[in-house]
Amino acid sequence: INQFTDPDNPTIKMFGNRTFKFFVGWLPDKIVKFFQDNHFAELNPAIIHQPSAPVSDGLTRRVAKIIEELKRQSGVTIHIPEILWLMRETGVNNVSAATAFFQMSQLIRYNRLKRGIPTPVIGYGIGAAGQLNVVEFT
């Protein structure tokens, strides 16, 4: 009997270390490629939504390492804005997609983001989903 499908013995296991390695392993490459392919005259700091501090910090370190390696190998310099962890910036934990834009509006209010300037938003959820969008606050 599979422990995940046995109705008499429901079990959920969290493999946090595997989730961390998966996320920090694949999303940084996508972020770097996005900024290689899309050039912006000006950008606000990027916002990362949802992950824990270790995941956010790991992602930031991995992005920096990829950029450094590209520069060393090919001389290519890629500009990626500072990556802000939304929970650290606003002091509110367990942010949902429903409240993220409210919290970003607070960053505008306190001059961490500027209106009319593109803002990269990196989203992450349950170790299996990630995305990067660019939004602009008017």
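The loop between α4 (97-109) and β3 is where N111 sits in this predicted model. N111 is a bit of an oddity there, with a positive phi of about 60° despite not being a glycine. For background, most residues other than glycine have a negative phi. As for solvent, N111 counts as exposed because its relative accessibility, 68%, is over the 50% cut-off.

K114 belongs to the loop between α4 and β3 as well. Setting aside neighbours within four places in sequence, K114 touches E42 and N44. There is also a link towards the C-terminal part of the chain: the C-alpha atoms of K114 and F137 are separated by 7.8 Å, with their positions 23 residues apart along the chain.

Moving on into strand β3, T119 is found there. T119 has a relative accessible area of 0% and is therefore buried, the limit being under 20%. Beyond its neighbours within four places in sequence, T119 has quite a list of partners: N44, P45, I47, L113, N133, V134, V135 and F137. N44 thus turns up in contact with K114 and again in contact with T119.

Stepping back to the whole chain, the protein is built from 4 helices and 4 strands. Read from the N terminus, the order is α-β-α-β-α-α-β-β. Of its 138 residues, 36% count as buried. Long-range pairing features clearly in the contact statistics: taking contacts between residues at least 6 apart in sequence, 66% join residues at least 24 apart.

What about the nonpolar interior? In soluble globular proteins, nonpolar side chains tend to be buried together. Here the largest nonpolar core holds 22 residues, and I31, L59, I80 and I122 are the ones with the most contacts inside it. Two or more residues each come from α1 (16-37), β1 (46-49), α2 (53-74), β2 (83-85) and β3 (118-125). The largest share, 6 residues, is supplied by α1. A second core, separate from this one, has 10 residues, with L86, A100, L113 and F137 among them. Two of these names have come up already, since L113 and F137 are both contacts of T119.

Helix α1 deserves a closer look. It has 22 residues and reaches 32 Å from its first C-alpha to its last, close to the 32 Å expected at 1.5 Å a residue. Its buried residues are T19, F23, V24, L27, P28, I31, V32 and F35. K21 is in helix α1 too, but here the picture flips: K21 has a relative accessible area of 56%, over the 50% cut-off, and so is exposed. Even so, the C-alpha of K21 is separated by 9.1 Å from that of G58, a residue 37 places away along the chain.

How do α1 and α2 pack? The two axes come within 9 Å and cross at roughly 50°. That angle falls outside the parallel, antiparallel and perpendicular ranges, so α1 and α2 are oblique to each other. The crossing of α1 past α2 is right-handed. On the α1 side, the residues that meet α2 are F20, F23, V24, L27, P28, D29, I31, V32 and Q36. Facing them from α2 are P54, V55, G58, L59, R62, V63, I66, I67 and L70. Several of the α1 residues in this list are also buried, including F23, L27 and I31.

L59 ties much of this together. It lies in helix α2, and with a relative accessible area of 0%, against a limit of under 20%, L59 is buried. Apart from neighbours within four places in sequence, L59 is in contact with F23, V24, L27, P28, I31, I48 and I83. Among these partners, F23, V24, L27, P28 and I31 are on the α1 side of the helix pair. The C-alpha atoms of L59 and V24 are separated by 5.2 Å, although the two residues are 35 apart along the chain. L59 is also one of the residues with the most contacts inside the largest nonpolar core, as is its contact partner I31.

Notes:
Residues numbered from 1 in each chain as written. Predicted model: local features only at pLDDT ≥ 70, side-chain atom pairs only at ≥ 80, totals over all residues. Heavy atoms only, no water. Core = buried A, V, L, I, M, F, W, Y, C linked by side-chain atoms within 4.5 Å. Buried < 20%, exposed > 50% of the residue type's maximum accessible area, 1.4 Å probe, protein only. Contact = heavy atoms within 4.5 Å. Expected span 1.5 Å × (residues − 1). Axes fitted to C-alpha atoms, helices over the stretch in contact; angles between N-to-C directions. Parallel < 35°, antiparallel > 145°, perpendicular 65-115°, else oblique. Left-handed = near helix turned anticlockwise from the far one by under 90°.
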